[in-house]
Amino acid sequence: MKPLLLASGMRRGGSTLQFQILGDILRASGVCFESKYVDELEGADLAPGPDGIVRVVKTHAVPKEAVNSGAGHMQCFHIYRDPRDALVSYLAKYESAYTDERASRFLRMIQAEFNYWRSIEGIYSVRYEDVVTALPDEVARCARAMGADLGPDEIGRIAESRSLESQKRRIKEVDWGAESTIRNGQDLIDPETQLHSNHIRTGGCGAWQQELNKSGAAFIEANFGDWIEELGYPLVTSRWQRWRHRI
């Protein structure tokens, strides 16, 4: 098992879930580990953990120092979802109304981050939609990728503990007034789970189809449609609608 695990998922794309699963697998395997979130990776963040301790680091941004995919002590994990769902989740989290400018700024950011992380050789990458529809299978795949030998009972227990209902219950049970709570602007973050106080709305897939109007969907697909299709998600607007909204 590598002494440094990077969870570099898409913003609002299930990265916290993947980060939690990595920690759960280490815990079930009896491996000592430390975990943290960093905005931008720097040199010290890319170092392996102390002897006998695995370091799990969650991040999103393109790092200040290039990640060396050939480094023998490091293993990279990545999760992504339909960028339109990531966008509406982002807007809801910050209670922001949709505008073409906000959509463009957010989508350009996550596209640049996605392109960087997916360029890393050997990265373990998975779609959020595939994870939440078959969580035990994903736990098993992650365990195999890490070299952990977990039985079906342990895999099932981890999957159940990270189900959508379990996560919602966990958020309700956190003492958000505790001194250990991380405060980042309006965000309240539980340091152990990296869950935010407003982390989950529906947790489902395809919410953008109800929350984006036709004009917003056409703008996004006109300017990010090629990328969305490359990720395997279909477009719903016509070529004519997209042509009118292209910038």
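Mentor: Let's start with pairing: two strands pair if DSSP finds at least two bridges between them. Strands (E, at least two residues) and helices (H or I, at least four) are DSSP runs, numbered from the N terminus. This is a predicted model, where local features need pLDDT of at least 70, side-chain atom pairs count only at pLDDT 80 or more, and totals for chains, interfaces and linings use all residues. Residues are numbered from 1 along each chain as its sequence is written, and side-chain values use heavy atoms, with hydrogens and water left out.

Trainee: In which sense do β4 and β5 pair?

Mentor: Parallel: strand β4 (residues 74-80) and β5 share 4 bridges. Opposite Val126 in β5 you'll find Ile79.

Trainee: Which way do the side chains of β5 point?

Mentor: In a regular strand, side chains alternate between the two faces of the sheet. In β5 (residues 124-127), Tyr124 and Val126 point to one face and are buried, while Ser125 and Arg127 point to the other and are not. Buried means under 20% relative accessible area, exposed over 50%, and partly exposed in between (1.4 Å probe, protein chains only).

Trainee: And which residues does Asp24 meet in salt bridges?

Mentor: Side chains of opposite charge can pair when their charged atoms come close. The cut-off: a Lys or Arg side-chain nitrogen within 4 Å of a carboxyl oxygen of Asp or Glu. Asp24 meets Arg27 (3.0 Å, N to O), and both sit in helix α1 (residues 15-28), 3 residues apart. Asp24 also meets Arg162 at 2.6 Å, N to O. That second pair links distant parts of the chain, 138 residues apart. Asp24 is buried at 6%, as is Arg162 at 11%, whereas Arg27 is partly exposed at 47%.
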